[in-house]
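User: I'd like to talk through this model, starting with how the protein chains meet and then moving on to the DNA. Could you take me through it?

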There are 2 protein chains.
Amino acid sequence: MAHECKVETALDILVGKWKPVILFHIFQKETLRFGELHRLVPDITKKMLTTQLRELEYHDIINRKVYAQVPPKVEYSITEYGKSLTPLLESMHQWGVSHIEHLDEIYGEDQMENNK
Amino acid sequence: MAHECKVETALDILVGKWKPVILFHIFQKETLRFGELHRLVPDITKKMLTTQLRELEYHDIINRKVYAQVPPKVEYSITEYGKSLTPLLESMHQWGVSHIEHLDEIYGEDQMENNK
DNA sequence: CTGGATCCACTTTGATACTG
DNA sequence: CAGTATCAAAGTGGATCCAG
């Protein structure tokens, strides 16, 4: 167990139906309340939003700050450590963009519905 | 629809319970037969190995070369295009490695069973 | 407002046996 | 050798309702 492939370690943290979008918004806004996030990603249910956030929090990617007040207020933000993901996410995004172009070359630009 | 987040595009291709390991081996060996791969990843079933390989093939990451002979012989290899994944996989691996170290700092090195 | 708790549908993976 | 086919098990996400 010296230095095998740890790609999965990174994947574990990024994978989740909504994590990329969530991270996208939190990275962009620096800090967001639960409800704000929910409005930015309307299709997600509160349950999923909660669990995905908790997982990211568990991995120390985002902070969860609870204000002791009524009504409740909870703010999510990127941790310092979480920022170390920036170059990786950027790389993945870039590769994704070029991959879409590659698909054009292969299958032609006709059937672009594939990229929902 | 100019240039939203395409992180998911990359994830779609890399995600799969066995894809990272499979890619790891194919990248390393350049070309592998079905049975060889299976021996390198013993826990996977033939069914899963087949489907994961087909998905990678569909995305033009690997080649599938069938030799018309008996008994059958099929070789898998990285496509030229697939090689464009190298830096990304390397980045993910690196981040994964450092993340494991980060976990040590946070939770201590005691409960390392978490990294199965 | 920010969740937690349940229940259910759908998807993914696995076990096993069979085939050209 | 390199798969397919079939069925069962497990995992995941969604709908809905409840709560501090």
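**Chain contacts and DNA**

Analyst: 37 residues of chain A are in contact with 37 residues of chain B (contact: heavy atoms within 4.5 Å). Quick ground rules: this is a predicted model, where local features need pLDDT of at least 70, side-chain atom pairs count only at pLDDT 80 or more, and totals for chains, interfaces and linings use all residues. Residues are numbered from 1 along each chain as its sequence is written, chains are lettered from A and ligands numbered from 1 in the order written, and side-chain values use heavy atoms, with hydrogens and water left out.

User: Which three residues supply 20% of the area that chain A buries against chain B?

Analyst: Chain A and chain B bury about 3,300 Å² between them, 74% of it on carbon and sulfur atoms. Buried area here is the accessible area (1.4 Å probe) that two parts lose on being put together, summed over both. More than any other three residues, the ones supplying that 20% are A:Tyr81, A:Met92 and A:Trp95.

User: How many residue pairs are in polar contact across the interface of chain A and chain B?

Analyst: Salt bridges (a side-chain nitrogen of Lys or Arg within 4 Å of a carboxyl oxygen of Asp or Glu) come to zero across this interface. A polar contact is a pair of N or O atoms within 3.5 Å; within protein, one must be able to donate a hydrogen and the other to accept it, and residues adjacent in sequence count only if both atoms are side-chain atoms. With both residues at pLDDT 80 or more, the count of pairs is eight.

User: What relation do chain A and chain B have?

Analyst: Chain A can be laid on chain B with an RMSD of 0.1 Å, by a turn of 180° and a shift of 0.0 Å along the axis. The superposition is least squares on C-alpha atoms of residues with pLDDT of at least 70 in both. So the relation is that of a two-fold axis.

User: Which residue has a side-chain N or O atom 2.7 Å from a phosphate oxygen of DNA strand D?

Analyst: 19 residues surround DNA strand D, each with a heavy atom within 4 Å of the strand. Sugar and phosphate account for 70% of the strand D atoms that come within 4 Å of the protein. A polar side-chain atom of B:Arg33 lies 2.9 Å from a phosphate oxygen, and a backbone N or O atom of B:Gly35 lies 2.8 Å from one. The residue at 2.7 Å is B:Tyr76.
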